[in-house]
Amino acid sequence: MRTYIISVAAAAVISAMVNMIAPERWSKYVGMATGLVVVMCIAQPVFSLFHEDVFEGFSYAAEYGAGAGEEMLREEVKRELCERVEEDAAARLKSEFGRECRVEAEIAVNENAEITGVESMVIYGDGLDAAALARMREVYGVSDVTIGR
């Protein structure tokens, strides 16, 4: 909440400064652009509600046809998605629970080469409680969440 307020305030102050510095003939364009930035900063929590799905756009079976490098491409997409999930989970643990963690995730793929979700997750960090593990299960739809040693 604190970072949200700071970002909105900073955007408003920078917007005001840019509007004062801008030449008179550009004022309406600068005002529109800086106003849009401030509105986007204010609406950021609403946008984050709609972009919580980290699996969006990752059905590589439909995107890529059969070919010699298809398996290699599938593994690359799977690796990239795994990295995204790990980064997102670590950032979520830091923002929601104030814990610095490292996360290792495994992505599940069905027999049709479609990504079905997160298969398992191991979290390395101190001070993790049952609430943090439950939150990871809820967000990523994975039942196998463990704390690594």
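**Exercise 1. The hairpin**

Task: In the hairpin of E1 and E2, find which residue takes a positive phi, then establish how the two strands pair.

Solution. Step 1: the hairpin of E1 and E2 has 5 residues between the strands, and Ala-113 takes a positive phi near 65 degrees. The model is a predicted one.

Step 2: strand E1 covers residues 102–109 and strand E2 covers residues 115–124; their pairing is antiparallel and runs over 8 bridges.

Step 3: individual bridges can now be placed. Val-109 has Ile-115 in E2 as its bridge partner, and Ile-107 is bridged to Val-118 in E2.

**Exercise 2. The sheet**

Task: Give the order of the strands in the open sheet, and state which strands are at the edges.

Solution. Step 1: the sheet has 3 strands in the order E1-E2-E3, and its pairing is mixed.

Step 2: E1 and strand E3 (144–147) are the edge strands, since each pairs on one side only. Direction ignored, neighbouring strands of the sheet are turned by 20 degrees against each other on average.

Step 3: the mixed pairing can be traced strand by strand. E1 and E2 pair in the antiparallel sense, whereas E2 and E3 run parallel and are joined by 4 bridges.

Step 4: on the E3 side, Met-121 has Val-145 as its bridge partner, and Val-122 stands opposite Thr-146.

**Exercise 3. Helices against the sheet**

Task: Determine which strands H4 lies across, and which strands H5 touches.

Solution. Step 1: H4 lies across E1 and E2, and runs at about 140 degrees to E1.

Step 2: H5 packs on the sheet and touches E2 and E3; the direction of H5 makes about 165 degrees with that of E2.

**Exercise 4. Helix against helix**

Task: Describe how H4 and H5 pack, from angle and axis distance to the residues that meet.

Solution. Step 1: helix H4 (residues 70–97) packs with helix H5 (residues 130–140) at an angle of about 135 degrees, and their axes are 11 Å apart. H4 is therefore oblique to H5.

Step 2: the crossing of H4 and H5 is right-handed.

Step 3: on the H4 side the contact includes Val-85, Asp-88, Ala-89 and Arg-92. On the H5 side, Ala-131, Arg-135, Met-136 and Tyr-140 are among the residues met.

Step 4: by class, the residues of this contact divide into 9 nonpolar, no polar and 4 charged.

**Exercise 5. An annotated span**

Task: State which residues UniProt lists as "transmembrane region", and give the helix content of residues 6–22 in the model.

Solution. Step 1: the unreviewed UniProt entry lists residues 6–22 and 29–50 under that name.

Step 2: in the model, residues 6–22 are 94% helix and 0% strand, and the end C-alpha atoms of this span lie 24 Å apart.

Methods. Residues are numbered from 1 along each chain as its sequence is written. This is a predicted model: local features need pLDDT of at least 70, side-chain atom pairs count only at pLDDT 80 or more; totals for chains, interfaces and linings use all residues. Side-chain values use heavy atoms; hydrogens and water are left out. Axes are lines fitted to C-alpha atoms, for helices over the stretch in contact, and angles run from 0 to 180 degrees between N-to-C directions. Angles under 35 degrees count as roughly parallel, over 145 as roughly antiparallel, 65 to 115 as roughly perpendicular and the rest as oblique. A crossing is left-handed if the near helix is turned anticlockwise from the far one by less than a right angle, and right-handed if clockwise. Contact means heavy atoms within 4.5 Å. Ala, Val, Leu, Ile, Met, Phe, Trp, Tyr, Cys and Pro count as nonpolar, Asp, Glu, Lys and Arg as charged, and the others, Gly among them, as polar. Two strands pair if DSSP finds at least two bridges between them. UniProt positions are given in the numbering used here, feature names are shortened, and annotations may be inferred rather than shown by experiment.
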